[in-house]
Amino acid sequence: MTTLKVISDVVCPWCYIGKHRLDQALALLPEHNIEVQWLPFELNPNLPIDGMPREDYCVRKFGSLENAQRIYGNVAAHANADGLAINLEKIAITPNTKRAHRLIWYASQQQLGDAVVDNLFGAYFVNGEDISNIECLAKLGAAAGLEEAQVNSFLHSDRGTQETRVLTEASYDSGVQGVPAFMWGDLWLFAGAQSPETIALVLEKQLEK
């Protein structure tokens, strides 16, 4: 089994699109024997732990709602072109993603990291859910196959906090400035939401080695 490391943040729309394209690429390699490992990156590490109102965030980050709508409109167009649902207008809270990354870490210990990542992206970008909320996260974990009560207990504790922090800092220290970013072992492959065909070609070349 070979590990493909994907450094991403669950509020990054290009990571959402990139996950979709990666899944398509892996489908083009039916006997790939590749395990995907999701590693944390925080686009907004200084947000309050419970997030902040979306409009306030957009004004602070982009200067105005109009600028934000123009930028996100471009992203939505790419998602729609891929046949990927995205409803940015439903998002009321821009979350701090520390808890979500801890959930991914926890789920990965039970080989359910990929399913949890899917659920987080869908909850945020399709349904506009607050993925900084522990109860929301517990339900998303349960939908992926985890025990909801155990996830709730985990998120109310500090378990996984140090481990996730170390992984996040490793992503920063490795020089990652934009996500998604893809690594093959310790080898950098590419960054950004490349096409499924491009991803499949790069992975195929690595498998041949």
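Over the ring of which residue does the charged end of Arg54 sit? In this predicted model, the ring is that of Tyr72, and the charged end of Arg54 is 4.7 Å from the ring centre. A second arrangement of this kind involves Arg102, whose charged end sits over the ring of Phe154 at 4.8 Å from its centre.

Phe154 also takes part in an aromatic pair. Its partner is Trp105; the two ring centres are 6.2 Å apart, the planes meet at 20°, and the pair is stacked. Trp105 belongs to helix H4 (residues 98-108) and Phe154 to helix H7 (residues 148-156), so the pair ties together parts that are 49 residues apart in sequence. The two partners can also be described by their accessibility. Trp105 has a relative accessible area of 22% and is partly exposed, while Phe154, at 1% relative accessibility, counts as buried.

A search of the whole structure gives 9 aromatic pairs. A pair of aromatic rings is described by the distance of the centres and the angle of the planes. For Tyr16 and Phe125 the centres are 5.0 Å apart and the planes lie at 10°; the pair is therefore stacked. This pair links distant parts of the chain, with Tyr16 in helix H1 and Phe125 in helix H5, 109 residues apart. Both Tyr16 and Phe125 are buried. Ring pairs join these two residues with Phe121 and Tyr124 into a cluster.

Helix H1, which holds Tyr16, covers residues 13-27 and has 15 residues. From its first C-alpha to its last, helix H1 reaches 22 Å, close to the 21 Å expected at 1.5 Å a residue. Among the buried residues of H1 are Pro13, Cys15, Ile17, Gly18, Leu22, Ala25 and Leu26, and the charged residues Lys19 and Arg21 are buried as well. The elements that cover the buried residues of H1 include strands E1 (2-8), E2 (34-40) and E5 (181-184). Helices H3 (65-81), H5 and H9 (196-208) are also among the covering elements.

The largest nonpolar core contains 68 residues, of which Leu4, Leu22, Leu120, Ile131 and Leu203 touch the most other members. Helix H5 (residues 113-126) gives the most to this core, with 7 residues. With residues up to four places away in sequence left out, Leu120 touches Val10, Ala100, Ile104, Ile131, Leu137 and Leu140. Leu22, another of the core residues that touch the most other members, is one of the buried residues of helix H1.

Notes: Residues are numbered from 1 along each chain as its sequence is written. This is a predicted model: local features need pLDDT of at least 70, side-chain atom pairs count only at pLDDT 80 or more; totals for chains, interfaces and linings use all residues. Side-chain values use heavy atoms; hydrogens and water are left out. A nonpolar core is a set of buried Ala, Val, Leu, Ile, Met, Phe, Trp, Tyr and Cys residues joined through side-chain atoms within 4.5 Å. Buried means under 20% relative accessible area, exposed over 50%, partly exposed in between (1.4 Å probe, protein chains only). Helices (H or I, at least four residues) and strands (E, at least two) are DSSP runs, numbered from the N terminus. Contact means heavy atoms within 4.5 Å. The expected span of a helix is 1.5 Å times one less than its number of residues. Rings of Phe, Tyr and Trp (its six-membered ring) pair if their centres lie within 6.5 Å; planes under 30 degrees apart count as stacked, over 60 as edge-to-face and the rest as tilted. A charge sits over a ring if NZ of Lys or CZ of Arg is within 6 Å of the ring centre and within 35 degrees of the ring normal.
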